[in-house]
Amino acid sequence: MQRLWLNCHAATMAGGQYSIIEDAALVTAGQRIAWIGPRAELPAGDYAETLDLGGKWLTPGLIDCHTHLVFGGDRSAEFEQRLQGVSYAEIAAAGGGIASTVRATRAATEEQLLAAATQRLRCLLREGVTTVEVKSGYGLDLTSEGKMLRVIRRLGECLPVTVKATCLAAHALPPEFAGRADDYIDLVCHEMLPALAAEGLVDAVDAFCEHLAFSPAQVERVFQRARELGLPVKLHAEQLSSLHGSSLAARYGALSADHLEFMDESDVQAMAAAGSVAVLLPGAFYFLRETQLPPMQALREHGVALAIASDLNPGTSPALSLRLMMNMACTLFRLTPEEALAGVTLHAAKALGLADSHGSLEVGKVADFVAWDIQRPAELAYWLGGELNKRVIRHAEEQTDVQ
């Protein structure tokens, strides 16, 4: 069935730019875009339905390409402690930090995790998010990682959103492996990844390459196993120090490397050559009060695609608004509003391996788009939070059930 969508303007984001079409028309056939262009050039056709968009601005559906939104418990008490002068090291020594989230996640049932994650994800959906990536990494054993990944799969079944599941078993060292990081990586490579992949629970594999997590050599072992299993890789890299994890990710053709505050120009060149996306996470930068900026000029000069994501997690970025992340990317990292919108559409799609089907309004792509009641696209990065008036269309069907 073909539908005709009229009375709108479109920021198609083709090529990573606004690529504006004034007085646009869009035709959907099934769940795909069949035609888009100026209304004056609309080909004659027999449309089953014509829908008036009331002069709104169309953009692709927003994509949050880096989240950790499935977890047990919360860490708001630690937030208070840090503001009172308690260091992260002191909190961790007392059993806090990631270890506290691991305990709460292991103790939670699958239904409890699903209920809590559903509430968080609905916040993103109400802002026009139609695709989201969710990582495991708070289970750190086969049973609990499997539980998390099953919840991630269920989110895509019970809510109107496309969900990509990433296995982040190499996120932190579980307490039962204290002092035995190589043994834990053995477990990840030889037991966890094969078993979870065999269940069809994994779309990509991620790791945390940092002094307080895993070394480049240990991460490379995870990447080698992922390659053997036919799974693409991603990496948390260069957030707190320079270990050249982003260059390692590039050597393995990673979909993305994320954070990147401490990357140098050699890392940028490696990512550019590999076509890996740089995912910027301004929420964590803000929440941790970091001062080391990613090398924005070098990333631009070498043509590395820049994506933006919420990094929604309980410890360092409890961010429930992707549009707020767009504003933070502009104010903190000096992106333009156009770059910010590309960062949550076309480039975010590329960071998930979905650039051929998502992220821009082009013929043949999935008909995920948002009709915004705004005067110009820059407003999406301009307003600090709040729900803008809009209509969300996913797979060519208007969504009314995300409250």
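**Surroundings of H66 and other local features**

Beyond its neighbours within four places in sequence, H66 contacts E133, K135, H236, D258, V279, L281, A309, S310, D311 and L312. The model is a predicted one. H66 sits in a loop, with β5 (62-64) on one side and α1 (76-83) on the other. Its relative accessible area is 0%. The cut-off for a buried residue is under 20%, so H66 is buried.

H66 also appears in the UniProt record. The unreviewed entry lists H66, H68, H236 and D311 under "binding site". These residues are spread over 246 residues of sequence. They nevertheless cluster in space, with a largest C-alpha distance of 12.3 Å. H68, H236 and D311 belong to the lining of the largest pocket. Two of the listed residues, H236 and D311, are among the contacts of H66.

The unreviewed UniProt entry also carries a domain feature. It is named "domain: Amidohydrolase-related" and covers residues 58-374. Helix makes up 45% of this span and strand 15%. The C-alpha atoms at the two ends of residues 58-374 are 10 Å apart.

T131 belongs to strand β6, which runs over residues 129-135. With a relative accessible area of 0%, T131 is buried. Residues up to four places away in sequence are again set aside for its contacts. T131 then touches L62, I63 and D64. It also touches V161 and T162. Further contacts of T131 are L352, L354, H358 and D368.

Helices α6 and α7 form a contact of their own. Two packed helices are described by the angle between their axes and the distance between the axes. Helix α6 spans residues 181-198, and helix α7 spans residues 216-228. Their axes come within 10 Å and cross at roughly 10°. Angles under 35 degrees count as roughly parallel, and α6 and α7 are therefore roughly parallel to each other. On the α6 side, the contact is made by A181, D182, I185, D186, V188, C189, L193 and P194. On the α7 side, Q218, R221, V222 and R225 take part. By class, the residues of this contact comprise 7 nonpolar, 1 polar and 4 charged.

Strand β1 holds L6. L6 has a relative accessibility of 12% and thus counts as buried. Apart from residues up to four places away in sequence, L6 touches A24, A25, R39, L42, T50, L51, D52 and L53. P216 lies 210 residues from L6 along the chain. The C-alpha atoms of L6 and P216 are separated by 52 Å.

Two residues stand out by their backbone phi angles. M13 has a positive phi of about 65°, although it is not a glycine. It is located in the loop between β1 (2-11) and β2 (20-29). M13 is buried, at 0% relative accessibility. D23 is likewise not a glycine, and its phi is positive, at about 45°. D23 is placed in strand β2. Its relative accessible area is 38%, and D23 is thus partly exposed.

Conventions:
Residues are numbered from 1 along each chain as its sequence is written. This is a predicted model: local features need pLDDT of at least 70, side-chain atom pairs count only at pLDDT 80 or more; totals for chains, interfaces and linings use all residues. Side-chain values use heavy atoms; hydrogens and water are left out. Axes are lines fitted to C-alpha atoms, for helices over the stretch in contact, and angles run from 0 to 180 degrees between N-to-C directions. Helices (H or I, at least four residues) and strands (E, at least two) are DSSP runs, numbered from the N terminus. Angles under 35 degrees count as roughly parallel, over 145 as roughly antiparallel, 65 to 115 as roughly perpendicular and the rest as oblique. Contact means heavy atoms within 4.5 Å. Ala, Val, Leu, Ile, Met, Phe, Trp, Tyr, Cys and Pro count as nonpolar, Asp, Glu, Lys and Arg as charged, and the others, Gly among them, as polar. UniProt positions are given in the numbering used here, feature names are shortened, and annotations may be inferred rather than shown by experiment. On a 1 Å grid over the protein atoms alone, a cavity is a set of points where a 1.4 Å probe fits but cannot get out, and a pocket is an open set with protein on both sides within 12 Å along at least five of seven lines; lining residues have an atom within 4 Å of a point. Buried means under 20% relative accessible area, exposed over 50%, partly exposed in between (1.4 Å probe, protein chains only).
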